[in-house]
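Visitor: Hi! I'm new here and would love a quick tour. Could you show me what we're looking at?
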Amino acid sequence: MVVRKFPGPLALVIHGGAGVIEPGQLGDADEHAILADLDKALDSGHAVLTTGGTALDAVEAAVTVLEESPHFNAGKGSVFDAGGGHELDASIMEGHTRRAGAVAGVRTVRNPIRLARVVMDESPHVFLIGDGAEQFADTQPRIERVPNAWFDTDTRLQQLRQAQASEQAQWQDSQNLRGKYFGTVGAVALDGRGRIAAATSTGGMTNKRWGRVGDSPLIGAGTWADERCGVSGTGWGEFFIRNAVAHDIAARVAYRGDAIAAAADEVILRVVPELGGDGGAIALDRHGNIAMSFSTSGMYRGWIRTDGSRGTAIYRQA
């Protein structure tokens, strides 16, 4: 029997994005592949935790696996922007120190979450963007680079063409954007030392322009971790920014003593929809309690609870 050096409870929760995902919408093969990749990410993050690793290392490991999958809007599966390329964003945060790192608009970094981690560990800054982030990546040997076309997939190209065909209608009726921002990935972990970390990564919005950046790389909007809880969001980024969603959930835990599930539900199911947005969030607290709240019809998600039980799901009824 292996005795862990840090015997506190372990927990991990991940997401692959919230959006309009109805039963029967995915083919059997795609559904199986998505669930398998969620399981692979859980395995990667949990292996870090069970061998005495940190929550920070665990969320980086889990998100890296999701970035390598073409099924999620992050890393390899990132959506196309209006110019036919890809701009990727990511952030990571360590709760007990409040250290954080983030990048936005990177185009040649295979795993943006790794670059966000290096920004946190190896620079005096929190957030680097665009060409500057790429220049910083040039100084970091561990950051793998790829041509921007490496992120191309046929599925995302079809989505770009569909978005461009209906672009005028979308701008005229903002409600057409509800539920269409799914695919962002994220993870939150609790390690045996009782420490929490959170991470989020995305390819952004299909057909985005003007250097648009959503909530995923913004500390307090798409990602937050402190000594009490951690949060990673997915959804209509503009509304997550305007409501500081990740921090709002954590603040309800810190200042009102809300349970993590109640805090997540209040923000995701009431605050964001009241302003016209939608999406979801995963969260966990220092006791290992897990929340997976979403106002859309589905959210790719997976979890390993403190008792070792685990699961993956896509649809609301799961």
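Guide: Happy to. One term to begin with: contact, or touching, means heavy atoms within 4.5 Å. Also, this is a predicted model.

Visitor: Okay, so which residues does isoleucine 14 touch?
Guide: Leaving out residues up to four places away in sequence, Ile14 touches Leu38, Ala41, Leu42, Ala62, Gly186, Ala187, Ile282, Tyr300, Arg301 and Gly302.

Visitor: And in the largest nonpolar core, which residues touch the most other members?
Guide: Those are Ile14, Ile92, Leu115 and Tyr300, in a core of 50 residues. Helix H2, residues 55–67, gives this core its largest share, nine residues.

Visitor: What does the second core include?
Guide: That one is separate and has 38 residues, including Trp224, Val231, Phe239 and Ala250.

Visitor: Let's switch to helices. Why does the span of H1 agree with what is expected?
Guide: H1 runs over residues 28–50, so at 1.5 Å a residue its 23 residues should span 33 Å, and the end C-alpha atoms are 32 Å apart.

Visitor: Which of its residues are buried?
Guide: In H1, the buried ones are Ile34, Asp37, Leu38, Ala41, Leu42, Gly45, Val48 and Leu49. Among the elements covering them are strand E1 (11–19), H2 and strand E5 (185–190).

Visitor: What comes just after H1?
Guide: Glycine 52, with a positive phi of about 90°.

Visitor: What about H8, what do its buried residues pack against?
Guide: Their partners include strand E8 (229–235), helix H7 (237–242) and helix H9 (260–274). Ala250 is one of the buried residues of H8, and Ala250 also belongs to the second core.

Note on methods
Residues are numbered from 1 along each chain as its sequence is written. This is a predicted model: local features need pLDDT of at least 70, side-chain atom pairs count only at pLDDT 80 or more; totals for chains, interfaces and linings use all residues. Side-chain values use heavy atoms; hydrogens and water are left out. A nonpolar core is a set of buried Ala, Val, Leu, Ile, Met, Phe, Trp, Tyr and Cys residues joined through side-chain atoms within 4.5 Å. Buried means under 20% relative accessible area, exposed over 50%, partly exposed in between (1.4 Å probe, protein chains only). Helices (H or I, at least four residues) and strands (E, at least two) are DSSP runs, numbered from the N terminus. The expected span of a helix is 1.5 Å times one less than its number of residues.
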